[in-house]
Amino acid sequence: MNPPKRLRTAEDEAETPTGGRQEGAEGGVDVSVVMPMYNASCWLDECLQAILHQDFTGTMELSVFDDASTDDSRKAVEGWRGRLEARGISVVISSHNSAQPRGVGYAKNKAIAQSCGQYLCFQDADDIMLPERVRLQYEASLLHPNSLIGCKVQRLPEGSTERYTRWINTITQEQLATQVYTSHGPTVIMPTWFCSRDWYLKVGPFDEGGRGVPEDLLFFYQSIRQGGGVARVDHCLLVYRYHENATTHSVTEETIWKLRVDFLEERVLSQWESFTIWNAGKQGRKLYRCLSPTNQKKVKAFCDVDENKIHKGFYTYEDSKQRPKPKVLVQHYKDATAPFIICVKLDMTGGVLEENLNSLQLKEGIDYYHFN
């Protein structure tokens with residue numbers, strides 16, 4: 001099922017962009033750096049200086065959409081226009097007339113609509129691209145035209161979101177495709193995305209539901225539905241900033257959880273006749289309860305390493321309206337059979353989970369998928 005798209009009427013339209021280009025203009029640059037902006041003035045000097053210092057030898061533009069900033073973000077961008085244009089990087093910037101921000105999805109769509117690059121490099125206004133980012137991701141996009149291209153990152157402040165950052169940088173190219181159901185979200189993170197305009201037009205636009213909507217995850221899943229690939233340039237090409245005002249904090253865990261369950265059911269469980277949930281604890285039972293009745297019936301067992309859980313023998317779904325209430329076998333993982341949905345958090349067991357999976361000689365993406 002495709003995610004819903006919100007349509008806007010003509011009266012919502014943004015102003016004509018400054019920079020000499022009309023919205024939707026055809027033309028001519030290789031890469032558009034797409035930057036939605038909201039109250040980002042304190043980050044912009046570092047961000048724009050990094051764009052200025054790209055070593056890409058093709059043609060570039062910077063397309064900024066200001067989503068009702070109340071600080072001097074727009075003035076800051078205009079202050080960089082001369083230096084960027086002297087470097088051959090054209091600048092187009094616009095905003096809307098509403099006093100309230102309309103959200104990151106809307107701002108991205110507008111920044112793309114007013115741009116003309118054959119390829120799109122997504123840049124958050126609070127992050128810093130390294131000098132080779134555009135060049136290396138452009139080269140990768142030529143090899144993978146129907147893909148979302150990411151890269152490795154350096155987290156700032158250093159040490160913040162340590163497990164998440166390690167996951168971003170160390171999962172294998174194969175796991176970019178298999179670990180799309182975890183709570184970490186897109187396996188190449190949105191601030192590192194690079195893709196062709198043609199691919200964006202095929203997959204998009206971004207959902208414009210506004211605050212609380214994970215527009216990046218919705219787009220990522222839709223890209224996969226359309227047969228798109230996921231690839232990562234294995235170089236650190238972005239300084240990825242963590243701070244309390246980041247828009248990602250507006251999305252609730254439950255919103256993400258439901259989207260993940262729906263996508264898992266659509267892409268994986270629909271193909272399986274039966275499966276085992278690896279974790280008889282809280283997360284495994286929550287997954288079971290959130291499955292459709294059809295997929296609940298496919299759960300042949302829970303498996304675990306905890307002898308207390310195993311000793312109970314069964315999990316009874318007490319909230320079920322069925323009579324008798326469903327009871328699901330709980331067994332040791334060595335006695336369980338594939339395929340598995342793994343509901344144990346990655347990188348939290350000191351390597352024990354990974355050792356146990358390896359001992360069963362299972363292949364990720366065939367015999368099991370990670371969900372947590």
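Ala 68 is found in the loop between β2 and α2. In this predicted model, the phi angle of Ala 68 is near 65°, which is a positive value in a residue other than glycine. Ala 68 also counts as buried, at 11% relative accessibility.

There is another residue to put beside that. Asn 279 sits in the loop between β9 and α10. Its phi is near 135°, again a positive value in a residue other than glycine. Is Asn 279 buried or exposed? Asn 279 is buried, with a relative accessible area of 13%.

While we are on backbone geometry, the cis peptides. One joins Gly 204 and Pro 205, with omega at about 10°. Pro 205 belongs to the loop between α7, residues 197-203, and α8. Another cis bond runs from Arg 323 to Pro 324, and there omega is near -5°. Pro 324 is in the loop between β11 and β12.

Back to the strand that precedes Ala 68. Strand β2, residues 60-66, runs parallel to β3, and seven bridges join the two. To give one register point, Met 60 has Ile 89 of β3 as its bridge partner. How much of β3 is covered? Strand β3 covers residues 89-95, and six of its seven residues are buried, so I would call the strand mostly covered.

Now the sheet that follows Asn 279. It is an open sheet of six strands with mixed pairing, in the order β11-β12-β10-β9-β13-β14. The edge strands are β11, residues 314-316, and β14, residues 368-370; each has a single partner strand, so one side of each is left without a neighbour in the sheet. From one strand to the next, the twist averages 25°.

Inside that sheet, strand β10, residues 299-304, and strand β12, residues 327-332, run parallel and are joined by four bridges. Here the register point is Ala 301, whose bridge partner in β12 is Leu 329. Helix α10, residues 282-290, packs on the sheet, where it touches β9, β10, β11, β12 and β13. The direction of α10 makes about 165° with that of β10.

Next, a helix pair. Helix α8 spans residues 215-225 and helix α9 spans residues 253-267; their axes come within 11 Å and cross at roughly 5°. Angles under 35 degrees count as roughly parallel, and α8 and α9 are therefore roughly parallel to each other. Which residues of α8 and α9 make the contact? From α8 they are Leu 217, Leu 218, Tyr 221, Ile 224 and Arg 225. From α9 they are Ile 256, Leu 259, Arg 260, Phe 263, Glu 266 and Arg 267. By class, the residues of this contact divide into seven nonpolar, no polar and four charged.

That leaves the salt bridges. Side chains of opposite charge can pair when their charged atoms come close. The cut-off I use is a side-chain nitrogen of Lys or Arg within 4 Å of a carboxyl oxygen of Asp or Glu. By this rule the count comes to 13 salt bridges. I will go through some of them.

Arg 81 forms a salt bridge with Glu 85, and the closest N and O atoms are 3.3 Å apart. Both are in helix α2, residues 73-86, and because they are four residues apart there, about one helical turn separates them. Arg 81 counts as buried, at 14% relative accessibility. Glu 85, by contrast, is partly exposed, with a relative accessible area of 39%.

The side chains of Lys 108 and Glu 215 also meet in a salt bridge, at 2.7 Å from N to O. Lys 108 lies in helix α3, residues 104-113, and Glu 215 lies in helix α8, so the pair ties together parts that are 107 residues apart in sequence. Is this pair buried or exposed? Both Lys 108 and Glu 215 are buried.

A further salt bridge is formed by the side chains of Glu 318 and Lys 325, at 3.0 Å from N to O. Lys 325 is partly exposed, with a relative accessible area of 30%. Last, the Arg 81 pair belongs to something wider: salt bridges that share partners join Glu 78, Arg 81 and Glu 85 into one network.

Technical notes:
Residues numbered from 1 in each chain as written. Predicted model: local features only at pLDDT ≥ 70, side-chain atom pairs only at ≥ 80, totals over all residues. Heavy atoms only, no water. Pairing = 2+ DSSP bridges. Axes fitted to C-alpha atoms, helices over the stretch in contact; angles between N-to-C directions. Contact = heavy atoms within 4.5 Å. Parallel < 35°, antiparallel > 145°, perpendicular 65-115°, else oblique. Nonpolar A, V, L, I, M, F, W, Y, C, P; charged D, E, K, R; others polar. Buried < 20%, exposed > 50% of the residue type's maximum accessible area, 1.4 Å probe, protein only.
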